[in-house]
Amino acid sequence: MDASVKMVNKCPGDDSEWWEVTPGERFTIRTSVAVTGGLYTMIEVTAESRNGVPVHTHANEEEHFIVLEGSIHLTNGNQSVTLSAGDSATVKRGARHAWCNLSDNPARMLIIFSPGHMEQAFRLIGSLEGGDLSAIAESAENGGSTIVGPPPFDNIYSVMSPRPSP
């Protein structure tokens, strides 16, 4: 599995650093845990059509989704919902969940982790120049996250099944 991460170009007018988790999925840290005293961290994620994440759990954090553009499909335990721009949802710690972009258009969302210690895992992902994400999944730096299954739909590009690089 080639799950390399690389720095990508900034968005026009944006002074943030953007990282590519897998081709078609990028993130930037919008509010650092250092600023919030550990209460939360907020990341912005963009995902192209058919990008998503495997089913996973977080042992220590709630995960809050706010969709800014496009739509995402969120599986949260036994529930599934499509969230469109302006919609939000919260996943409780320990719940099996995954998201993916099933639409033909890009999606953009804010994800807030509370408390915010997942930021360490995202910073590690961002530092892996050509690295393998499986090393993070097996390390103590994964922030208590555990992948428990593939994405909930077929033909979804994720760290488990990356989109071919252009």
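Let me start with H73. H73 is buried, at a relative accessible area of 9%. It sits in strand 7, residues 71-76. Who are its neighbours? Setting aside residues up to four places away in sequence, H73 touches S80, V81, T82, A98, W99, C100, L102 and F153.

Now the frame around it. This is a predicted model. The mean pLDDT of the chain is 84, and 80% of its residues reach 70 or more. The weak part is residues 1-13, where the pLDDT is below 50. That stretch still has 42 contacts in the model beyond near neighbours in sequence. Where pLDDT is low, predicted coordinates should not be read in detail. I will leave that stretch there.

Overall composition next. The chain has 3 helices and 12 strands. It runs to 166 residues, and 52% of them count as buried. Take the contacts with a separation of 6 or more: 67% of them come from residues 24 or more positions apart.

On to strand 2, residues 18-22. Is this strand enclosed or open? All 5 of its 5 residues are buried, so strand 2 is largely enclosed by the rest of the structure. Its partner is strand 3, residues 25-31, and the two pair in the antiparallel sense over 3 bridges. The hairpin has 2 residues between the strands. One feature to look at there: G24 takes a positive phi near 100°.

Stay on that hairpin. W19 stands opposite F27 in strand 3. The structure holds 1 aromatic pair. The rings of W19 and F27 have their centres 5.4 Å apart and their planes at 35°, so the pair is tilted. W19 counts as buried, at 11% relative accessibility. F27 is buried too, with a relative accessible area of 1%.

Strand 3 also holds E25. This one deserves a look. E25 is buried yet has no salt bridge. How far away is the nearest side chain of opposite charge? That is R163, at 9.0 Å. Outside its neighbours within four places in sequence, E25 is in contact with W19, E20, V45, T46, N51, G52, V53 and W99. So W19 turns up again, as a contact of E25.

Last topic: charges that do pair. The structure holds 4 salt bridges. Begin with E44 and R108, where the closest N and O atoms are 2.9 Å apart. E44 lies in strand 4, residues 41-47, and R108 in strand 11, residues 107-114, so this pair ties together parts that are 64 residues apart in sequence. E44 is buried at 6% relative accessibility. R108 is partly exposed at 25%.

R108 also forms a salt bridge with E69, with closest N and O atoms 3.0 Å apart. Here R108 is in strand 11 and E69 in strand 6, so parts 39 residues apart in sequence are tied together. E69 is partly exposed, with a relative accessible area of 43%. Which residues make up the network of salt bridges? They are R30, E44, E69 and R108.

One more bridge. The side chains of E62 and R93 meet at 2.7 Å, N to O. E62 is in strand 6, residues 62-69, while R93 is in the loop between strand 9 (88-91) and strand 10 (97-100). The two are 31 residues apart, so to speak of distant parts of the chain is fair. E62 counts as buried at 15% relative accessibility. R93 is partly exposed at 41%.

Definitions and conventions
Residues numbered from 1 in each chain as written. Heavy atoms only, no water. pLDDT = per-residue confidence, 0-100. Contact = heavy atoms within 4.5 Å. Buried < 20%, exposed > 50% of the residue type's maximum accessible area, 1.4 Å probe, protein only. Helix = DSSP H or I, 4+ residues; strand = E, 2+ residues; numbered from the N terminus. Pairing = 2+ DSSP bridges. Lys, Arg positive; Asp, Glu negative; His and termini not counted. Phe/Tyr/Trp six-rings, centres within 6.5 Å; stacked < 30°, edge-to-face > 60°.
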